[in-house]
Each structure stands twice: as structure tokens, then as C-alpha cells.
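Please report on this structure. Cover its confidence, its chain contacts and its unusual backbone geometry.

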Amino acid sequence: MKQLLSWMALLALLVALPASAATVTVEVPPDNDGLNLNVVWDEATDPLGWAVLRADGASGEDWTVLKMLPGNARKLSDKVTTNVWEHPPQDTYRYQVVAMRSLVLVDEMEEADRTAAVLAAGTASAIATGSPSAAWIRTGIGAKQYGPLVMLLIILAVGVMMWKFANDVRAGKPVFIRRIPGIDAIEEGIGRATEMGQPILYVPGIDELQDIQTIASMLILGQVAEKVAEYQADIIVSCCIPMVREVADEVVKAGFYQAGFPDAYNPRNTRFISSEQFAFCAGTNGIIYREKPATNIYLGRFFAESLILAETGFVNKSIQIAGTAEATQLPFFIAACDYTLIGEELFAVGAYMSRDPRLVSSLKASDWVKLFVVISLLLGTVLTTLGFPIVNNLFAISGG
Amino acid sequence: MRSTIPLVLTFLVGIFMVGEYFIPHWRYHQWTAVLLEWGLILAAAAFLLGLFNLVQVNLPKVMNKEEDWGYKLVMLVSLVGTLVVGFMGNTDRLSDGQAYKWLFDFVFVPLNATMFALLAFYIASAAFRAFRARNLEATVLLVAAIIVMIARVPMGEDLPLIGEKLPQFMNWIMDVPNIAARRAIFIGAALGAVATGLRVILGIERSHLGAD
Amino acid sequence: MKLDTLIKFQNMDRRWIFLGMGIAILLPLLFPITLSFNIDERVQSLYDSVEEVPAGSTVFISADFDPASRPELEPFFRANLHHLLRKDVKFVAATLWPSSPPLVMPIFEEITAEYGKEYGKDWCFLGFKDGKELAIKAIGENIPETFPTDIKGNKIADLAVARSFKQAKDFAMIINVSAGFPGTREYVLQIQGQYDLKIASATTAVSGPDYIPFYKAGQLTGLSAGMPGSAQYEQLVFPDGPREGERLMATQAVNVLNVGHLFIIVLILLGNIAFFVTRRVEEAAP
Amino acid sequence: MSGIELVGAWVSIFLTVCVLSFLYDDNPVYKLAEHVFLGVSIGYGVIEIYFGVFKPNLLDKLMNDELGMLQRSLSIVPLILIIMLFSKVVPKYSWLARIPIAFIVAAYAGVKLTGELNANLMTQVAQSIPNLAEVWEKHGFWDWSADGAGVFSSLFLVLGLAACLLHFYFSAPQNKAMQQISRFGVLTLMLSFGASFGYTVMGRISLAIGRAQEMLGLDRSAEQVAQIHPRTASLICILLVVGYLVAWRRKQGDDYTPGN
């Protein structure tokens with residue numbers, strides 16, 4: 001096989017057309033991390049292929065073959081180093097581009113032989129020099145796509161508004177939050193479980209602790225646990241992620257502590273089931289069937305297990321309240337649960353139940369950004385239609 | 001101190017990682033990459049904690065012969081068995097002829113897939129129960145579901161009169177109202193992420209840091 | 001009496017529905033039927049974007065599915081490998097799903113062997129990496145650091161096919177066979193925009209609608225959803241039907257789907273008819 | 001096909017039937033399968049995480065002499081974080097675990113904040129602003145050949161999106177106009193959920209088809225089928241499980257409370 005290939009290479013050498021040298025320029029991409037250089041070259045006709053060579057330093061002659069490219073390529077985005085710890089980037093790099101007259105199988109050669117082989121089989125361009133330049137801030141101004149700048153402003157605005165609204169609340173200015181029926185249902189469900197003498201099952205989704213929905217769910221769990229402790233009922237928390245179990249453990253313990261019943265908490269009821277989605281689902285089904293919770297609360301990020309859990313809970317005649325921002329699972333929760341909190345409502349539950357002014361203030365802050373988004377959408381449509389895509393540029397983000 | 005250290009750490013790490021997006025410089029990314037790798041390793045280590053918990057909860061059940069202790073024993077034995085053949089197999093564990101591979105192919109795979117396949121049955125019963133035209137909202141839900149279901153099978157195209165337009169109409173529902181709704185959920189989730197992220201970083205959200 | 005039956009029907013034991021569904025699946029499998037189907041624009045676009053990859057270049061495959069989603073995604077995965085290798089495209093594969101390696105490795109080995117491709121030179125499999133979004137971020141940033149070794153323990157610098165690729169954007173395209181989280185959504189969220197990547201996705205029917213906005217926004221170059229998507233892709237890759245001794249699994253199964261669908265549709269319609277009849281009678285009664 | 005694989009194929013079919021028996025009700029056969037599944041899946045998770053992350057990213061780095069001193073000593077930090085996390089087990093020091101938890105949550109919150117904002121807000125908004133003049137020229141009001149693209153659809157998308165967003169506006173009481181907008185938002189959501197449900201049915205049936213294909217031997221070559229006899233295996237397993245369930249129900253007698 002190898003022999004055949006080298007014969008083919010020889011054959012290609014005989015028939016190939018002579019290719020002229022290309023003009024090469026090296027560019028620094030905008031908003032760059034200082035590790036990338038774009039090598040761009042110009043050539044009217046496509047050769048057999050291109051080889052891009054690089055030498056490190058201003059006067060380095062130690063050329064290495066970076067990459068072999070097909071004949072229609074005119075650009076290579078080079079990352080000058082992958083291990084910044086041991087090989088930090090140099091100030092200057094030198095490039096040349098070789099228009100290949102014949103096929104060279106560099107992958108099969110020793111590192112040291114490649115450059116010579118490539119140069120022998122093609123026409124090299126003049127050497128172009130480039131210096132990587134690292135930006136300290138990404139604004140998108142260079143590309144006239146102001147997305148990063150607007151993002152930064154949104155983050156700062158939310159932070160400032162949270163601070164201001166929290167101060168307002170502390171100063172006694174009431175904050176209005178619309179009623180959400182699903183949340184009242186959570187409280188009713190706890191009451192019902194108490195009457196029936198059966199536990200409450202709480203599933204905080206199956207995603208990692210770091211997911212924003214899981215964090216929201218943990219906060220709600222704190223509120224729920226406090227209510228459960230007040231009613232002197234039991235709560236089972238079924239977790240798919242070990243880290244989430246540890247936190248849930250803390251949160252429920254804290255909830256029981258807050259309610260004044262620290263001894264009523266049983267850590268064996270906060271369980272790690274399995275980190276495998278469907279094994280977790282099978283285990284939680286087992287809890288629903290065998291420990292017969294009166295109320296099931298599913299809040300967090302769910303995937304395909306949502307419907308299996310909700311249908312099993314339905315058969316068990318539990319009251320079921322679900323909430324997720326995972327759009328794919330919402331239809332199933334809506335079909336099988338008594339109450340479903342859609343998307344952002346999940347993030348509102350914590351603030352709503354806690355009445356903690358700082359949390360309520362963050363809800364109000366997001367509402368303002370929401371208003372900004374809606375106005376941008378409507379205004380943007382009008383302006384774009386009239387031929388001024390100003391709003392589009394505000395939200396556009398160029399590749400970094 | 002017990003609550004101050006985590007809060008200060010949260011603030012510093014959080015702000016630093018937000019900078020990852022806005023500061024392209026490689027010297028900065030050099031360090032964000034290190035932090036992200038630590039995160040990876042920690043997430044992996046937490047798994048061992050879960051394992052510890054599991055044994056802690058279930059072993060006493062077996063020892064005291066509580067209800068269902070036989071099943072718990074089966075679980076612990078399968079767990080230990082998998083661990084043993086997995087570590088014995090080492091890097092070759094997934095080659096043919098390895099016990100670990102056998103467990104995967106003939107125990108894990110069918111169990112996983114069959115649990116998932118239960119959904120085919122549950123989706124039928126859930127649809128039958130929930131899709132009743134009780135009010136306008138429920139009717140919209142029902143009609144959209146039926147249109148899409150009919151349009152997704154080749155038979156739908158053979159229906160008289162509407163058959164030809166049905167797939168186009170389904171695509172319209174998927175492309176227009178569906179995208180509008182989903183984008184709203186996406187945008188809402190992003191807003192939730194920003195608010196919750198800031199709450200965490202600024203130390204307003206501490207539920208994950210426990211009581212005291 | 002008649003009304004009673006209708007009310008009972010509305011609240012019937014769901015196990016009857018299960019039985020009906022079981023029969024709806026088994027019968028057409030035992031007694032096959034064949035119907036033709038159209039190719040979706042999103043699948044066609046996926047096929048075209050793979051077709052555009054020049055011979056000799058390398059793509060990155062992220063095989064993020066598990067045994068549970070195998071019926072939907074394996075047919076695509078196989079057809080896609082045939083498509084790539086037939087065009088002499090090399091690939092570097094990895095996965096973010098722990099249960100994926102034992103599932104996909106034999107398929108890689110089987111199909112690459114068929115085309116006489118060599119491990120390390122024409123393809124390689126970097127194995128599983130935990131960390132979900134963090135891992136995707138890392139793939140966008142620095143592949144050799146994220147995967148110091150491949151699944152067999154070889155150093156990445158010793159793999160000819162992989163060593164020249166430092167970041168996800170160096171590949172001609174990224175093919176993500178994704179059964180959910182982490183997967184296409186995270187690839188798009190975490191790195192597509194930042195690096196302007198060319199990503200095509202094959203996903204389950206359930207995630208399909210979720211990714212359509214990404215396709216529409218140009219963040220995905222193609223999208224195949226569920227078994228019909230896989231069947232359509234099979235038709236594009238093998239227009240003359242299956243090769244000898246093989247089956248097109250998705251094409252075979254897509255016919256069974258029809259019957260299952262029909263069963264559920266009829267069930268919903270009957271449920272609503274019963275609902276309206278009983279409601280009208282109940283309203284009429286004093 | 002080796003003997004052990006043959007046994008495996010039968011075990012696989014038996015476990016499939018065990019799980020399917022859950023459709024009837026919770027029962028000892030399902031419980032057995034469930035607990036085997038739990039044990040194997042957790043073991044599998046531990047093994048893959050050890051070999052996939054723990055060993056290459058931590059152990060190998062700590063042991064690697066070739067790495068620079070700085071990089072090696074950096075690997076000690078996650079080790080310390082892990083020890084702190086594990087201190088959770090000792091009640092006296094359990095508060096130490098908050099440090100690594102704080103670290104990982106903060107790191108993710110930071111990355112997530114910008115990641116979500118970038119792709120889920122900025123990009124989605126930028127993509128949702130249509131140029132109606134251009135759409136009108138290309139498609140007119142409604143174009144069947146382009147799946148209903150046109151000015152109507154573009155407007156529907158923008159207004160529907162705006163209405164859905166306003167439906168989630170919590171911090172103001174809803175007046176009449178807002179109620180109407182919110183209603184339109186809810187209907188758009190329902191249209192999406194219904195469509196999404198219908199779209200998914202297919203995927204779910206596909207899964208069951210996959211299992212049925214294995215039980216009927218339709219996913220294997222004729223040669224393998226001749227060795228395994230999957231249909232015989234399925235029949236025997238079904239008879240065994242059904243027979244056991246009948247006996248089990250009888251034994252339970254009047255105590256039996258059906259789950260369904």
C-alpha cells in the first residue's frame with residue numbers, strides 16, 4: 001500500500017503543472033486572545049494543494065509544516081501554541097506558503113524531514129511576518145457588532161437594579177409580585193400530605209448543582225423543607241447527582257432548623273439514587289410506588305424521565321407540581337401533572353415563597369431587562385424594515 | 001469565618017469566570033482554563049461521595065434485614081461486581097471478552113433502553129388522558145399535537161384536500177409559533193441565569209452553602 | 001347504560017392502552033409494510049454540508065448518545081460514517097456521555113475496517129470526557145489539553161490524524177450525534193458563536209424542535225431529528241437501498257411508527273368524542 | 001459468537017421482559033431488575049469517571065515528572081479541594097465542604113452567566129428581528145412553497161415572542177390589555193407544546209420499536225439469529241415472567257392493591 005502511494009506521488013510529480021509563488025499576509029484577528037494569527041494568501045489558480053510553514057521568532061529558520069490544505073484554500077487560522085505553560089507565545093512568527101506541485105504524505109514522515117520534502121515538491125512564497133496581539137477587553141466595536149458591550153451593560157444594569165430595588169424594599173416600598181397558582185399548590189400539597197400522613201417527594205431535576213435551574217430548585221427546597229417541618233410531615237429528596245444530594249442535605253437540614261425542629265430531620269431521606277438517568281428514574285419510581293408520597297414536586301432541569309415519573313405519580317394518585325425551563329419536557333409535565341411552572345416561573349418561585357427582599361429585587365430587575373428586550377424587538381423590527389439595522393448590531397456577536 | 005471564606009471565594013471565582021468572556025487575553029484564559037479543569041475534577045470526586053452515601057444508607061438495611069433487604073443486597077453486589085471487573089479490566093475494560101463489556105452490553109444496555117422504551121406506552125396513556133378539548137388552551141394544545149402527529153407520518157400526505165398542505169402547515173407551526181415560544185423560554189432562562197448567577201456571585205444566594 | 005360505557009371508556013385502566021400500543025408495534029414488525037417518504041430540508045442540508053467537506057480533510061464527531069437513544073441515532077451514525085469514509089474524509093471522535101464509548105467503538109471499528117482505514121492515521125477516538133458544558137468549552141479552547149490521550153491510552157501527539165488539531169475550529173466541520181444534554185444545545189451555546197463553527201446535528205425526535213431555532217439562525221448547518229431523520233439520511237446515503245447482507249434499520253422502523261402514531265391519534269379522537277357526548281348529555285340533564 | 005455472548009443475549013431479553021412487566025404493576029421481578037440496574041449503573045459511572053477524568057486529569061498530572069513544577073503544584077489544589085469536600089463525612093469538619101461547593105458553583109455561575117446571555121438572549125433576539133420589506137419582496141404575505149414564510153409569519157414570530165415574554169412579567173398587576181397580550185402568549189406557548197408533544201411521539205415509539213426489534217431478532221444478522229433464537233428466548237422469558245406474576249398475585253390474594 002505504502003509503495004503504491006509513493007508511486008502515485010512520483011506520478012503526480014511528473015504530470016503536475018508548475019505553480020507560481022503566492023503573496024502572503026499575516027493578520028491579527030480582532031478581539032484576539034494573542035494566540036491566533038490568520039495567514040491569508042492570494043493566488044489566481046488552484047495548485048494541487050497548499051502547505052503552510054511557520055518558523056518561531058523574528059529570525060528563526062527552524063521551519064515546521066503546520067498544515068496541508070486543499071488547493072482551493074486561501075486562509076489558515078493558526079493557533080501559535082497550545083501549551084502556554086511551557087511554550088508561551090513568541091513576539092514574532094514567520095510564515096511561508098508552499099504551492100504544491102505534487103503530493104507529499106507528511107503524516108508518514110519524521111517531523112524533521114517534512115519541511116525539506118514540502119519545499120522540494122512545491123513553490124514557496126516570500127516570507128511574511130506577523131506578531132500576535134492580545135486584546136484585554138472584548139467589545140465587538142472593531143466588527144461593528146456591539147453584542148459583548150451590550151451584554152456587559154445588561155449584567156451591570158441587573159446588578160445595579162438589584163441593589164437599588166433591595167434598598168427600596170428595605171426602605172419600606174412594597175414590591176408587587178403576581179400570584180402564580182402552581183406555588184399555592186405547593187403549599188396545599190404539603191398540607192394534604194400532612195393530613196394523609198404520607199411523605200412529600202421532591203426531585204430537584206437530574207442536572208448538576210451548577211445548573212441555574214438546580215440552584216433555583218435548591219432555594220425552593222429550603223422553603224419547602226421549612227413548611228414541611230412546620231407541618232411535621234416527612235420529605236424525601238431523590239437526587240441524581242451526588243453533589244446535589246450533599247447540598248440538598250444541607251438545605252433541608254437548614255429548613256428544619258429554621259422551622260424549629262432540627263431533630264425531626266432524617267438524613268436518610270435525602271438520597272442519592274444513581275447518576276444514570278434511567279436508573280435514577282427506576283429508583284425514583286420505586287420510591288413513588290413503595291413509599292406512596294401524597295405530593296410530588298419536580299423542580300429543576302428534567303429530560304426524558306419527566307413523563308415516566310409524572311405518569312407513575314399519577315397512578316399513585318399523588319398531587320403533582322412540576323417546574324422546568326427545559327422546553328422539551330414542558331409538554332409532558334403539562335399533560336401529566338396538576339400544576340406546571342413554565343420556564344421563568346421556576347426562577348420566580350424562590351423569590352415568591354421566600355419574600356426575601358433581595359431575591360424579589362432580582363425578579364424585578366430581570367423584568368426590566370425583559371421590557372428592554374421586548375422594546376428592542378419591536379423597535380428593531382420597525383427600524384430594520386426601514387433599512388436601519390441598528391438594533392440588530394446591538395445584539396450581534398461576532399466570532400471571537 | 002465559616003461563612004465568610006466561601007462567600008469571598010464565591011465572589012472572587014465568580015467575577016473571574018465572568019471575565020472569561022470579556023477578556024480575550026491568553027494570560028487570562030490560561031488561568032480560567034485551570035479553574036475549569038479543577039471544576040471537572042471536583043465534579044468527578046463528588047461521585048465518590050455519592051458512592052459512600054449509598055453504601056452508608058443501604059448497608060445497614062441489609063445488615064438489619066429491613067424491608068426489601070434482599071433487593072438492596074442485589075444492588076450492592078451488582079455495584080461491587082461492576083467496580084471489580086471494571087478496575088480489573090483497566091484500559092482494556094471495553095474490549096471484547098471483558099466481563100465489564102459483557103455487563104455493559106447485556107445488562108446495562110437492555111435495562112437502560114427498556115426503561116426509556118416505557119415512554120412509548122406512557123406517552124399514549126398521557127395523551128389519551130390529557131388531550132381533551134376542555135377549554136381554548138387545551139384545544140389549541142390538542143389540535144397542534146394532532147396536526148403534527150398526522151403530518152409526520154407518510155400517510156398524512158395521502159389525506160384528501162389537506163394532505164398536500166399538511167406537512168407545510170406542520171413546518172409552519174414548528175418554525176413560527178414554536179420558535180416564538182421556545183425563544184421566549186430561552187430568553188427567560190437566560191434572564192433567570194443572569195439574575196441567579198449574580199445572586200450567587202454577590203452572595204445573596206447562599207442556599208447551597210447550608211445553614212448557620 | 002350507553003353513557004356509562006362512554007364515561008368508563010374515558011377513565012379506562014391505562015393498561016388497556018399499553019396493550020393496544022404493544023400490539024400496534026409488534027404487528028407491523030411481524031408483518032412488514034412499506035411506504036415511501038419525503039426528504040426534509042434540514043436533513044438535505046445536513047447531507048449537503050457533509051458532501052461539501054473536501055476529501056482528505058478531517059471532521060470532528062461528538063458521539064453523545066447512549067443505548068437508550070440507539071434506535072433513533074445509530075442508523076444515522078452508521079450512515080454518516082459510511083458517507084464520510086466513502087468520501088475519504090478523516091475523523092477524530094470523542095464523547096461527553098459516559099455510556100457512549102462501548103457503544104460507538106465497535107461501530108467505528110467495524111465500518112472503518114470495511115473501508116480499510118487505519119487507526120491513528122485516518123481516524124481516532126479520544127473517548128469520554130466528563131464535565132458536560134465545561135468539557136465542551138475545553139474542546140473549543142484546547143483539544144490536546146482536554147484529551148491528553150485517546151481511548152486506548154495513546155498520547156494524542158502520537159496520532160497523526162489528531163495531532164495537528166488544536167481547537168474545535170480547526171476541523172472542517174463538527175458532527176454532533178446528540179441524544180440530549182450535554183449535546184448540540186451546549187455546543188451551540190458554549191462554542192459555536194465564539195469560534196464561528198460549522199456544526200451539524202443529528203438528534204432525537206424530542207430534541208428536534210428545540211434545535212430548529214439554531215438551524216434557522218444559521219448556528220447549525222443541518223439537522224436530522226429522530227428516526228424519520230435517520231431514515232431520510234439513510235435514503236440519501238444509500239439511494240439504491242441497503243448493501244447486501246445489511247438492513248437500513250431506520251427505514252425499516254419508520255413504517256412501524258405510522259401504525260403507532262395512528263393508534264394514538266385514534267385514541268385521542270375517540271376520547272374527545274366520548275368527552276363531548278357525555279358532556280352534552282350531562283349538561284342537558286337537570 | 002461465543003457461549004458467553006449467547007448467554008448474554010438471553011439475559012438481555014430476560015431483563016427487557018422484567019422491566020416491561022412494570023407496565024402491569026410494580027412487582028418483584030421488576031424490583032429485581034431495578035436493583036441490578038441501580039448497582040451496575042452506579043458502578044459503571046464510578047469506573048468511567050475514574051478512567052475518564054480522575055486518572056488523566058489529576059493522578060497522571062500529579063505523577064508526571066515531565067510537567068513543569070508550576071503545573072504540577074497546581075494539580076495539588078484540586079486535591080485539597082477534594083479533601084475538603086470529603087470532610088463532609090466527619091460532622092465536626094463538615095463546614096469545610098462549603099469551600100469546594102462554593103468554588104464549583106461560582107465557577108459555573110460565572111461561565112453560565114455569559115454563556116447563556118450570549119447564546120440564549122443576544123443571539124436569539126438578533127435572529128428574531130425581521131426585515132419586513134425584504135420578506136415582503138421575497139415571500140409576500142404568506143408563501144405556501146416556503147412553509148408559510150412571509151410578512152404574516154415574521155410578524156407572528158416577533159409579536160408571539162413579545163407576548164410570551166410579557167406573559168412572564170411578574171412584577172406588575174395585569175390590566176385588561178396585558179391580560180389579552182398574556183393570553184396570546186399562552187396560546188402561542190400551547191401551540192408550541194402541543195406541536196412538540198406530537199413531534200416527540202415518534203421518538204418514543206422508536207424506542208419501543210428498538211426493543212421489539214431485539215426481542216424479535218430483527219436487529220441481527222441471519223447467522224446470529226440462528227444461534228441465539230431470540231424469538232424462542234422472548235417467548236420463554238415472557239411465559240416465565242407472566243407465570244410468576246400470576247402465582248405472585250394469587251399468593252397476595254386479597255391483600256393486593258393494584259397500582260394502576
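## Chain C: burial and overall form

Of the 286 residues in chain C, 64% are buried. Buried means under 20% relative accessible area, exposed means over 50%, and partly exposed lies in between (1.4 Å probe, protein chains only). One buried residue is Cys124(C), at 0% relative accessibility. The chain has 12 helices and 6 strands. Helices (H or I, at least four residues) and strands (E, at least two) are DSSP runs, numbered from the N terminus. Along the principal axes, the C-alpha atoms of chain C fill a box of roughly 80 × 40 × 30 Å.

This is a predicted model, in which local features need pLDDT of at least 70 and side-chain atom pairs count only at pLDDT 80 or more, while totals for chains, interfaces and linings use all residues. Residues are numbered from 1 along each chain as its sequence is written, chains are lettered from A and ligands numbered from 1 in the order in which they are written, and side-chain values use heavy atoms, with hydrogens and water left out.

## Confidence

The model scores ipTM 0.87 and pTM 0.85. Residue confidence is given as pLDDT, from 0 to 100. Chain D has a mean pLDDT of 89, with 96% of its residues at 70 or more. Among the elements of chain D, helix H7 (residues 151-167) has the highest mean, 95, and helix H9 (residues 222-228) the lowest, 80.

Chain B averages 88, and 95% of its residues score at least 70. In chain B, H3(B) has the highest mean, 95, and helix H6 (residues 154-157) the lowest, 66. Where pLDDT is low, the predicted coordinates should not be read in detail.

## A nonpolar surface patch

Chain C carries a nonpolar patch on its surface. The members are Trp16(C), Leu19(C), Ile23(C), Leu26(C), Leu27(C), Leu30(C) and Phe31(C), with about 720 Å² of accessible area together. Areas come from the Shrake-Rupley method with a 1.4 Å probe; for residues, only the protein chains shown count as cover. Patch residues have over 30% relative accessible area and no salt bridge; like charges are joined within 9 Å, nonpolar side chains (Val, Leu, Ile, Met, Phe, Trp, Tyr) within 5 Å.

Leu26(C) sits in helix H2 (residues 14-30) of chain C. Its relative accessibility is 38%, so Leu26(C) counts as partly exposed.

## An enclosed helix in chain B

Helix H5 (residues 136-152) of chain B has 17 residues. From first C-alpha to last it reaches 24 Å, close to the 24 Å expected at 1.5 Å a residue. The expected span is 1.5 Å times one less than the number of residues. Because 12 of the 17 residues of H5(B) are buried, the helix is largely enclosed by the rest of the structure. Among them are Val140(B), Ile147(B), Met149(B) and Arg152(B).

## Salt bridges

How many salt bridges does the whole structure hold? The search finds 41 over all chains. A salt bridge is a side-chain nitrogen of Lys or Arg within 4 Å of a carboxyl oxygen of Asp or Glu. In chain A, Asp184(A) pairs with Arg179(A), with the closest N and O atoms 2.7 Å apart. Arg179(A) is exposed, at 57% relative accessible area.

Lys31(D) bridges to Asp68(B) at 3.1 Å between the closest N and O atoms. Lys31(D) lies in helix H2 (residues 28-63) of chain D and Asp68(B) in the loop between helix H2 (26-63) and helix H3 (69-89) of chain B, so the pair joins two chains. Lys31(D) is buried, at 14%. Arg93(B) and Glu48(D) form another bridge, at 2.9 Å between the closest N and O atoms. Both Arg93(B) and Glu48(D) are buried. A network of salt bridges links Arg245(A), Glu246(A), Asp249(A), Glu250(A) and Lys88(D).

## Cysteines

The whole structure has 0 disulfides over all chains. A disulfide is a pair of cysteine sulfur atoms within 2.5 Å. For Cys18(D), the closest cysteine sulfur is in Cys237(D), 7.8 Å away and too far for a bond. Cys18(D) is buried, at 1% relative accessible area.

## Backbone geometry

Most residues other than glycine have a negative phi, and most peptide bonds are trans. A cis peptide bond joins Phe181(C) and Pro182(C), with omega about -10°. Pro182(C) lies in the loop between strand S4 (174-178) and helix H9 (184-195) of chain C.

Asp196(C) is not a glycine, yet has a positive phi of about 55°. Asp196(C) is exposed, at 60% relative accessibility. Lys317(A) also has a positive phi, near 60°. Lys317(A) is in the loop between helix H8 (305-315) and strand S13 (319-324) of chain A, and is exposed at 62%.

How values were computed
pLDDT is the predictor's confidence in each residue, from 0 to 100.
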